[in-house]
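Here's a quick briefing to go with the structure below. Have a look at the fold first, then run through the points by topic.

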Amino acid sequence: MAQVPVHKIKKQPRAFTVGVLVVACIYFIVPVWWLFVAATKTNSGLFFGAHGSLWFDKKFALWDNIVALTNYQGGIYWRWILNSFFYAFVGGFLATAVAVFAGYGFAKYRFRGKNLFFNIVLGALMIPSTALVIPTFLLMSKFGLTDTIWAVLLPSMLNPMGVYLMRIYCHESLPDEMIEAARVDGANEMYTFFKVSLPIMRPAVTTVFLLSVVAAWNNYFLPQVVLTSQKLFPITVGLTNWQVKSQAGAASEQVWNLVTSGAFLSIVPMILAFLFLQRYWVGGLTAGSVKA
């Protein structure tokens, strides 16, 4: 029986891996490309373009669409963008802070009911966030917080996945010997946390922060339920309202070009946030920090 050369055996798995990666790249890039192309078209170009939906029309109308976004309804689009920035980054910061403190406490402290509380956190991961929207609305309504920024910010502070990730990272990458050495040297708990532990936790903190920001930026159902004032809408709710208006029929104003261009501009901040923060996603920060 003829033997297959070793170099051919090695190339087959590599070719399969490359093929899977190429398919994955196409799967993720094509929608973004379509959105970019659609953002450059007029209303008529979106539906009757000369070169199809995946290529530019004869008229490149991106700048015209941006100007129209600025003028339409008094420029409320940019108010929605600012609202999304506020909800995403303030909510992401608060959610990250809660996750960091909770995860660190679960990983490095012993207290009664520790396993029970952590199991509750794990159980919360199994509950879809949409299932909590109506109870959240009723709770906010009881305290008179509906149609306020707090109705969006307070629920976003609770991030069970962030707590879980921080607990796992602190348990695996933060040596107990380092914390004990700091305590022996006379450092109190706050100094030990902020000066010794937190710098080592930076990759996990950055990851949790980005996940929290993206989740808050993409949040739609909760703001749709708890907010009624257009001036408080995030970009997700505002653009959806424009889409509904455009779908209402010929009697309604057609603003499809504003929806597509507005959607394209709304993803730019998240792309930039990832590009600027990805350099913090490094490991091995504890290498050599504990002496044998």
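Let's start with Glu 180: its relative accessible area is 41%, so it falls in the partly exposed class, between the 20% and 50% cut-offs. Keep in mind that this is a predicted model. Glu 180 also belongs to a salt-bridge network together with Arg 183 and Glu 189, so that's a handy place to begin, and the rest of the chain follows.

**The salt-bridge network**

- Glu 180 pairs with Arg 183 through their side chains, with an N to O distance of 3.1 Å.
- Both of these residues, Arg 183 and Glu 180, sit in helix H9, three residues apart, which is about one turn of the helix.
- Arg 183 also has a salt bridge to Glu 189, and here the closest N and O atoms are 3.1 Å apart.
- As for exposure, Arg 183 comes out partly exposed at 27% relative accessible area, and Glu 189 is partly exposed too, at 34%.

**A salt bridge between helices**

- Searching the whole structure turns up four salt bridges.
- One of them joins Lys 108 to Asp 176, where the closest N and O atoms are 2.7 Å apart.
- Lys 108 belongs to helix H4 and Asp 176 to helix H9 (residues 176–184), so this pair ties together parts that lie 68 residues apart in sequence.
- Is each partner buried or partly exposed? Lys 108 has 14% relative accessibility, so it counts as buried, being under 20%. Asp 176, at 44%, counts as partly exposed.

**Nonpolar surface patch**

- About 1100 Å² of nonpolar surface patch is made by a set of residues including Val 18, Val 22, Ile 26, Tyr 27, Phe 28, Trp 33, Trp 34, Leu 54 and Trp 55.
- Val 22, one of the patch residues, lies in helix H1.
- With a relative accessible area of 44%, Val 22 is partly exposed; patch residues need over 30%, so Val 22 clears that cut-off.

**Domains**

- The protein chain splits into domain 1 (14–58) and domain 2 (68–281).
- The contact between them draws on 11 residues from domain 1 and nine residues from domain 2.
- Taken over C-alpha atoms, the centres of domain 1 and domain 2 are 29 Å apart.

**Around Phe 137**

- Phe 137 sits in helix H6 (residues 133–142), and its 28% relative accessibility makes it partly exposed.
- Which residues does Phe 137 contact, leaving aside its neighbours within four places in sequence? They are Thr 146, Val 225 and Val 226.
- Phe 137 and Tyr 87 are 50 residues apart in sequence, and their C-alpha atoms are 17 Å apart in space.

**How far to trust it**

- Mean pLDDT for the protein chain is 87, with 90% of residues at 70 or more.
- Confidence is highest in helix H4 (residues 76–108), with a mean of 95, and that's the helix holding Lys 108.
- At the other end is helix H1 (residues 6–39), where confidence is lowest, at a mean of 83; Val 22 from the nonpolar patch lies in this helix.
- Residues 282–292 stay under 50 in pLDDT, and the model has 11 contacts for them beyond four places in sequence.
- Where pLDDT is low, the predicted coordinates shouldn't be read in detail.

Methods. Residues are numbered from 1 along each chain as its sequence is written. This is a predicted model: local features need pLDDT of at least 70, side-chain atom pairs count only at pLDDT 80 or more; totals for chains, interfaces and linings use all residues. Side-chain values use heavy atoms; hydrogens and water are left out. pLDDT is the predictor's confidence in each residue, from 0 to 100. Helices (H or I, at least four residues) and strands (E, at least two) are DSSP runs, numbered from the N terminus. Contact means heavy atoms within 4.5 Å. Patches are made of residues with over 30% relative accessible area and no salt bridge: like charges are joined within 9 Å, nonpolar side chains (Val, Leu, Ile, Met, Phe, Trp, Tyr) within 5 Å. Accessible areas come from the Shrake-Rupley method with a 1.4 Å probe; for residues, only the protein chains shown count as cover. Buried means under 20% relative accessible area, exposed over 50%, partly exposed in between (1.4 Å probe, protein chains only). Domain bounds come from an automatic or database domain assignment.
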